[in-house]
Amino acid sequence: MRMLRAIFAHPSGRIGGFIVGLYLLLAVLGLLGLTPHNPLMQYRIDRLHAPDSTYWMGTDLFGRDVASRLMMGIGQSFIVAFFSVAFAALAGTVLGLAAAWFGRRWDGIVMRVMDVLLAFPAILLALLIVAVAGPGTWTSIVAIAIVYTPIFTRVVRGPALSLKAREFVDAARTFGSSSSYIVTRHLLLNLVAPLTVQITLALAWALLTEAGLSFLGLGTQPPAASLGLMLSDSRNLMETAPWLMIFPGIAIMISILGFNLLGDALRDIFDPRMRRALA
Amino acid sequence: MIPLLSVSGLSVGFGRTPQANEVVRGVSFELADGETLAIVGESGSGKSVTALSINRLVDFGGGRITGGSIKLKRADGSVLDLTAASEPQLTKIRGAEIGMIFQEPMTSLNPVLTIGTQIEESFRLHRGLTGRQATAAAKEALDRVRIPDAARRLKYTPNQLSGGMLQRVMIATALACNPRLLIADEPTTALDVTVQAQIMALLAELKRETGMSMIFITHDIGLVAGIADKIMVMQGGVAVEQGELNQILDQPRHAYTRHLLQDVPHFASGRATRSDGRRDKALDTEPALKVNDLVVRFPVKSGFFGRATGAVHAVDGVDFDLMPGETLAIVGESGSGKSTTARAVLGLVRSTRGSFSASVRKATAGQSALPIQMVFQNPYASLNPRLTIESILAEPMIATGGRLGSAARAKMATLLKRVGLPENSLERYPHEFSGGQRQRLCIARALMLNPSVVVLDEAVSALDVSVQARVLELLVDLQREFGLAYLFISHDMAVVERIAHRIAVIYAGQIVEIGDARSVLSAPKHAYTKKLIAAVPAIDRRRERFELDTRQVPSLVRPLGFEPAPARWEQFGVDHRVRVEA
Amino acid sequence: MTYLLRRLAVFPLVLIGVSIVVFVAIRMVPGDAITAMLGTEAGLLTPAQREALAAYFGIDQPWFVQYGRWLAGLLHGNLGISSTYGKPVLEIILERFPLTLELALLSMIIALVVGVPAGVFAATHNEKLSDLGVRVAAMIGQSTPNFVLALLIIYTLSAGFGVLPAMGEFSPLWRDPLRNLGQLILPAITLGCAFAASVTRISRSAMLDVLSDDYVRTARSKGVSARGVIWRHALPNALIPVVTLSGIEFGYLLGGAVIVEQIYALPGLGRLVLDAILQRDYALVQGAVLFIAFNFMIVNLLVDLAYVALDPRIRLGEQ
């Protein structure tokens with residue numbers, strides 16, 4: 001509750017929060033099928049219909065309602081983004097904490113493996129994984145999760161190492177506190193702030209990657225809608241039906257903007273205390 | 001005769017509405033040519049803001065001068081009101097007419113530029129010197145602050161020099177263009193006491209040479225006795241008292257000045273040591289802690305494969321014992337091994353060799369599995385900011401297999417009350433407490449397990465002087481009540497004098513002198529102890545001239561397998577031993 | 001120096017890791033190379049022909065034998081033969097690489113030339129309207145996916161001005177510099193936009209941090225002018241995070257910009273890898289990914305060297 005109030009007191013938090021909230025609503029509606037029209041229904045007589053009061057964002061080559069498909073696509077993208085970031089954050093936190101806490105050999109092994117993953121350009125690694133497992137929603141989730149795991153590992157390991165050297169951890173050792181107590185209470189609890197920020201920014205990146213994969217035809221498969229796919233389909237019709245490109249393009253952009261703004265706001269909100277705590 | 005600087009009714013505020021948020025209110029003073037004014041106050045008193053207002057650096061920190069005037073007599077005799085000066089005017093005055101040095105020499109020099117470049121910059125800006133001329137001038141400036149081998153040092157970057165050397169570089173930079181006013185903002189606070197003495201001596205000497213005026217800002221009223229002509233005492237943004245040095249020190253009129261002079265620990269050469277619990281008879285009881293030949297070495301790795309090529313002898317053959325109810329202070333400068341000793345006793349650092357035994361105290365109920373507990377230096381870092389005070393105090397009990405029951409809660413409540421914290425503290429978080437309160441919390445936490453020995457590692461060093469005094473009082477009371485033995489690690493002789501029964505002086509990882517506090521402080525025998533004590537500022541040592549000494553601390557890095565020769569000791573009196581110097 | 005040497009020692013380890021990952025991954029791709037290569041004609045092959053073909057490309061052995069052979073070839077500078085192009089892999093990669101390198105360089109130049117001054121400007125006008133403007137622009141820039149921007153640019157050009165970006169066969173820089181630049185400028189702007197936005201944001205925040213450092217106050221107390229403080233004292237310290245970010249982004253761009261290359265019909269490394277993956281061209285995928293990872297690590301090494309040049313603390317400090 002206090003967190004929400006802090007977000008809404010921050011200008012970019014307010015805008016970002018509003019955008020993310022709106023998208024969440026659209027995503028839920030899109031997934032539940034509560035769209036203006038059936039997103040898969042082909043209104044053959046109204047093919048490439050320009051936006052008007054019936055078709056708010058026009059129709060595509062098959063006469064499907066763009067607004068409805070957009071909502072469905074947002075739902076699709078959000079599922080991929082949330083699951084992939086959840087997996088990456090979980091795996092990255094466990095690996096990063098393990099590397100920082102056990103140190104030495106563990107740290108070496110974990111970080112070298114992460115170096116290998118980081119040596120691939122992100123989209124290439126995702127492409128490779130999709131090629132192995134075949135395109136589809138779950139593949140996208142796994143691919144994005146694997147690409148983002150090393151980043152979470154780093155985000156956790158660095159602060160965990162500096163927390164480990166803090167006097168309150170020394171104090172805990174003098175009482176003989178158990179490792180699990182120190183790791184959960186003294187390390188993990190203090191990592192909540194940087195993790196929250198990173199999760200928000202990772203969501204923006206996951207939306208971007210999902211759209212990219214779909215754009216290349218390796219993400220969500222037709223006839224299901226996805227923003228990247230819609231954008232890719234619009235390319236040959238750009239001059240006759242620009243709305244096919246404009247709406248999905250802007251929709252992707254604003255969704256990413258929303259998470260970026262929210263992430264920035266969270267960083268600002270957490271920072272003063274983090275600075276005091278980690279200074 | 002127009003004074004060099006005349007400040008009247010100065011008010012400075014911060015934030016969007018500076019008038020409503022003033023941290024300096026109506027400060028007035030005058031400074032004549034060649035005079036030194038000391039501004040004394042604790043943190044938040046507005047002393048630094050006052051100083052930064054004079055060269056208008058306060059503007060860059062978000063401050064705004066909301067009232068009053070600062071009149072500076074310029075080199076040509078004209079008078080300029082600095083509160084109304086334009087930024088281009090000010091850049092001509094800064095460095096040329098007003099120089100400034102700061103508290104943290106380590107961070108006050110640009111890390112990516114050589115010190116030569118940074119000194120030359122002053123000459124370039126104000127004298128128009130370039131190239132070889134500027135370099136020569138910079139070398140001269142370094143010579144002036146007695147930096148040996150100046151020509152070579154010009155090419156160094158700040159990370160290659162020690163704190164004391166860097167502060168000299170800062171002074172050289174600030175004085176490069178012979179400003180007639182030097183503002184020194186706590187210039188020695190971050191330095192060791194012997195280095196502080198060096199810097200003070202240097203400042204006094206340069207002042208004599210150049211006839212400049214100086215504004216010296218400090219929290220330590222004892223320190224100004226040696227250098228100031230006038231003192232201004234500040235509290236809460238207001239100048240509560242100002243006057244001649246002797247007048248302020250001998251006949252303080254304001255209650256706060258009296259408090260600073262009387263209640264705050266000042267070094268008194270052994271006259272203010274504790275009179276209770278001296279070690280004359282009690283030697284037959286078992287010591288609470290006994291340390292034998294403690295050695296801590298860290299391998300020095302070098303080369304591509306990181307092979308150990310030597311070892312840092314951080315602690316080298318330290319032994320002492322500590323009786324119940326007794327305080328042993330370990331004093332030394334940074335890098336002497338005093339903190340490593342403390343951490344080794346607690347097992348936070350693995351000792352290479354040596355043994356220690358701690359006996360569980362028999363007198364009180366509630367025996368502890370862990371007879372030694374510790375209070376750390378930084379009260380902001382030693383409490384987990386995300387846990388409530390209740391969780392923090394409960395941690396030691398949970399760690400030793402206890403449970404958070406009503407007995408534990410009752411104990412927390414008693415201890416909180418005992419260390420002087422409100423009872424509703426339990427649900428609150430550390431950031432809701434001040435530094436002094438946090439240190440009380442740390443003390444309460446350390447007492448949760450009924451220890452017989454408490455290690456206090458610079459436990460009051462981070463606190464303001466008047467808070468320091470109160471925490472020391474609390475520690476003494478607790479010691480009497482619970483019969484605690486304290487191992488008190490500190491660099492601050494004035495604090496040590498108030499709390500120690502015995503003192504061990506540690507230098508380069510070895511104890512060089514140990515014994516009864518009064519005896520060690522009033523009649524030091526080892527050359528290092530003498531030097532250390534001579535460097536401590538004191539109110540009764542007025543206008544004393546410190547001697548310049550550029551000796552460096554010996555390196556602690558030794559080749560692999562090196563063993564120092566066994567120590568030989570000389571006994572003075574009942575309880576005072578000194579290591580025989582090689 | 002030992003610091004850098006130690007970094008270099010990790011180099012082959014990571015490369016071996018990368019190659020194993022690729023090697024195993026590409027062999028897990030469903031479908032076999034021969035079918036992918038010949039399409040429906042593969043059905044006409046007799047089993048013997050199929051085996052002969054597999055033996056020719058060396059894909060009849062277990063993966064670790066193939067890996068050993070491939071590694072041995074690698075040591076002789078031989079990355080194998082591409083099954084789609086029938087040419088040595090290295091030759092194909094080197095044909096495509098100049099375009100990718102040029103595109104990455106152009107994008108980085110755009111990013112640095114726009115981003116650093118914009119970031120410095122915003123930091124020195126902190127909390128003013130102009131700062132807000134820069135921040136909003138950077139935020140939008142950073143949130144615009146490059147494929148959306150590419151489509152928007154193409155659409156604006158064709159709908160607004162009736163022109164289409166120069167496509168058609170790619171002409172290298174040394175053959176026709178003008179035509180080359182004409183072909184690359186729009187892709188470079190597309191890629192440079194988000195890059196510039198990130199550079200702006202990081203220069204701004206680094207600059208803000210540095211401007212509140214103690215040594216900046218010292219410089220001001222010496223009478224250094226506002227401009228001197230910014231360019232001489234603050235910027236060199238603020239550049240370190242900018243170099244890090246630019247290095248990482250540049251390293252990734254050297255791996256090819258798959259989608260942007262696709263949209264602008266450019267024959268760069270990104271599309272090469274994409275096609276190779278889709279074609280199951282084992283040798284080409286392995287070679288190209290290894291080449292890309294190698295470049296990425298070289299760039300990281302250069303970034304480390306830049307640190308050493310920028311910050312004397314690293315030169316002598318922690319090992």
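In chain B, 12 residues of domain 1 touch 14 residues of domain 2. Keep in mind that this is a predicted model. Below is a quick tour of that domain contact, followed by the places where chain A meets chains B and C.

**Inside chain B**
- The domain assignment splits chain B into domain 1 (5-97 + 180-263), domain 2 (107-178) and domain 3 (266-364 + 453-462 + 486-581).
- Between domain 1 and domain 2 of chain B, the C-alpha centres sit 25 Å apart.
- On the domain 1 side of that contact, helix H8 (residues 193-210) of chain B chips in the largest share, with 6 residues.
- That same side of domain 1 of chain B is made up of 9 nonpolar and 3 polar residues, with no charged ones.

**Where chain B meets chain A**
- Here 21 residues of chain B pair up with 20 residues of chain A.
- Strand S15 (372-375) and helix H13 (389-399) are the elements of chain B that put in two or more residues.
- H13(B) gives the most, with 3 residues.
- Sorted by class, the chain B side has 13 nonpolar, 6 polar and 2 charged residues.

**Where chain C meets chain A**
- This contact draws 34 residues from chain C and 32 residues from chain A.
- On the chain C side, the elements giving two or more residues are helices H1 (2-28), H6 (129-143), H7 (146-161), H11 (258-263), H12 (269-278) and H13 (282-310) of chain C.
- You'll find 28 nonpolar and 6 polar residues on the side of chain C that touches chain A, and no charged ones.

Definitions and conventions:
Residues are numbered from 1 along each chain as its sequence is written. Chains are lettered from A and ligands numbered from 1 in the order in which they are written. This is a predicted model: local features need pLDDT of at least 70, side-chain atom pairs count only at pLDDT 80 or more; totals for chains, interfaces and linings use all residues. Two residues are in contact if their C-beta atoms, placed from the backbone, lie within 7 Å. Helices (H or I, at least four residues) and strands (E, at least two) are DSSP runs, numbered from the N terminus. Ala, Val, Leu, Ile, Met, Phe, Trp, Tyr, Cys and Pro count as nonpolar, Asp, Glu, Lys and Arg as charged, and the others, Gly among them, as polar. Domain bounds come from an automatic or database domain assignment.
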